[in-house]
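Here is a walk through one model, taken helix by helix and then residue by residue. Keep the viewer open while you read.

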Amino acid sequence: MWRATVLLRKRGDISGASFQEAWLDKVAPAIGEAVAANGHAIRALVNAAPESISDALRDVFPPAFDGLLELWFDDAASAVSCLEMLRSNPVLRDLALPVIDGAAGVLWLAQAFPIKPEAGSAVKFLAGGDVAVGVPLDVAQAYYREEHPRVAQTAPKVWEPLTRYTQFHGRPDPHVPDIDWLAAARFVPMCSDMGFADIGDFLKVYGSDQYARIVRPDEQKFSRPGEMLSFISAEERVLFDRA
């Protein structure tokens, strides 16, 4: 399967609470209806950010985005066709413009590789980024898929609390259209979705000695340190699911 991932930012002139209300109750359901009617997607999900973030969580992963939309497809061509429909939809544009800063969001398309199946995730953490400098894309993605999960399983403090682990591998083609009222298209070569039973488990994993000693050094073999696309989801709503 393939997923179009959209990380959203609110307009600077509205409050977080106003954005969440408009996004979750109006804009996202309208997008879900349009995508469902289009017929190319098999699933659409919207993820809500936590209402508040502790200092400990903010120190580890400062919030950079205000919302997350997932559109799932059987193939890349179906995804591009659906995204083109969204790009040119004037009704959705009119709903979104008062609350969404389309130039500040990020949209990308990637193939999904489930590694560890869902097992009761109350919190989801998305992390995406670029390949390490000097490492070819195919080499980095092969290591990421085949070797990194094996290394992570040697760190039980990291692997065992995971209630979900799915990798997403971006491809240079096909071209993904910008949706000016929603998000700007970008090539993101690798992304992980990780689930946790609660925020406490999430913080323990990333604060553990095994993550620092085993997993993080392995991540640096194939991924670039520094700026990362990330989102912590406190609630996942299904807009529709044909699967």
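Which residue caps the N-terminal end of α3? Asp-75 does the job, with a side-chain oxygen lying 3.3 Å from the backbone nitrogen of Ala-77. Before going on, some ground rules: this is a predicted model, where local features need pLDDT of at least 70 and side-chain atom pairs count only at pLDDT 80 or more, while totals for chains, interfaces and linings use all residues. Residues are numbered from 1 along each chain as its sequence is written, and side-chain values use heavy atoms, with hydrogens and water left out.

**Helix α3**

Helices and strands here are DSSP runs (H or I of at least four residues for helices, E of at least two for strands), numbered from the N terminus. Helix α3 covers residues 76-87, and its 12 residues at 1.5 Å each should span 16 Å, which agrees with the 16 Å between its end C-alpha atoms. The expected span is 1.5 Å times one less than the number of residues.

The buried residues of α3 are Ala-76, Ser-78, Ala-79, Val-80, Cys-82, Leu-83, Met-85 and Leu-86. Buried means under 20% relative accessible area, exposed means over 50%, and partly exposed is in between (1.4 Å probe, protein chains only). Packed against these α3 residues are β1 (2-8), α1 (16-38), β3 (67-73), α4 (90-96) and β4 (106-116).

Strand β1 is home to Ala-4, which counts as buried because its relative accessibility is 0%. Contact means heavy atoms within 4.5 Å. Leaving aside neighbours within four places in sequence, Ala-4 is in contact with Leu-69, Glu-70, Leu-71, Phe-73, Leu-83, Leu-107, Trp-108 and Leu-109. Ala-4 and Val-106 are 102 residues apart along the chain, yet their C-alpha atoms are separated by 10 Å.

**Helix α5**

Now for α5 (residues 137-146), where Ala-140, Gln-141 and Tyr-144 are buried. They sit on the same side of α5 because they cover an arc of only 95° around the axis, the arc being that of the directions from the helix axis to the C-beta atoms. An α-helix has 3.6 residues a turn, so residues three or four places apart point the same way. Over on the other side of α5, Asp-138 and Glu-146 are exposed. The cover over the buried residues of α5 includes α6 (148-152), β6 (164-170) and β8 (190-196).

**Two arginines, and a few others**

Two buried arginines each make a side-chain polar contact. A polar contact is a pair of N or O atoms within 3.5 Å; within protein, one must be able to donate a hydrogen and the other to accept it, and residues adjacent in sequence count only if both atoms are side-chain atoms.

| Residue | Strand | Relative accessible area | Side-chain partner and distance |
|---|---|---|---|
| Arg-43 | β2 (residues 41-48) | 16% | Asp-241, 3.3 Å |
| Arg-164 | β6 | 15% | Glu-236, 3.4 Å |

Not counting residues up to four places away in sequence, Arg-43 touches Met-1, Glu-70, Leu-71, Trp-72, Phe-240, Asp-241 and Ala-243. With its neighbours within four places left aside, Arg-164 has contacts that include Lys-116, Pro-117, Asp-193 and Glu-236.

Gly-129 lies in strand β5 and counts as buried at 15% relative accessibility. Its contacts, leaving aside neighbours within four places in sequence, are Val-188, Pro-189 and Met-190. Gly-129 and Phe-73 are 56 residues apart in sequence and 22 Å apart in space, C-alpha to C-alpha.

Now for the loops. Leu-97 belongs to the one between α4 and β4, and is partly exposed with a relative accessible area of 40%. Not counting residues up to four places away in sequence, Leu-97 touches Arg-11 and Trp-181. The C-alpha atoms of Leu-97 and Leu-182 are separated by 8.2 Å, though 85 residues apart along the chain. Pro-174 is in the loop between β6 and β7 (184-185), and a cis peptide bond joins Asp-173 to Pro-174, with omega about 5°.
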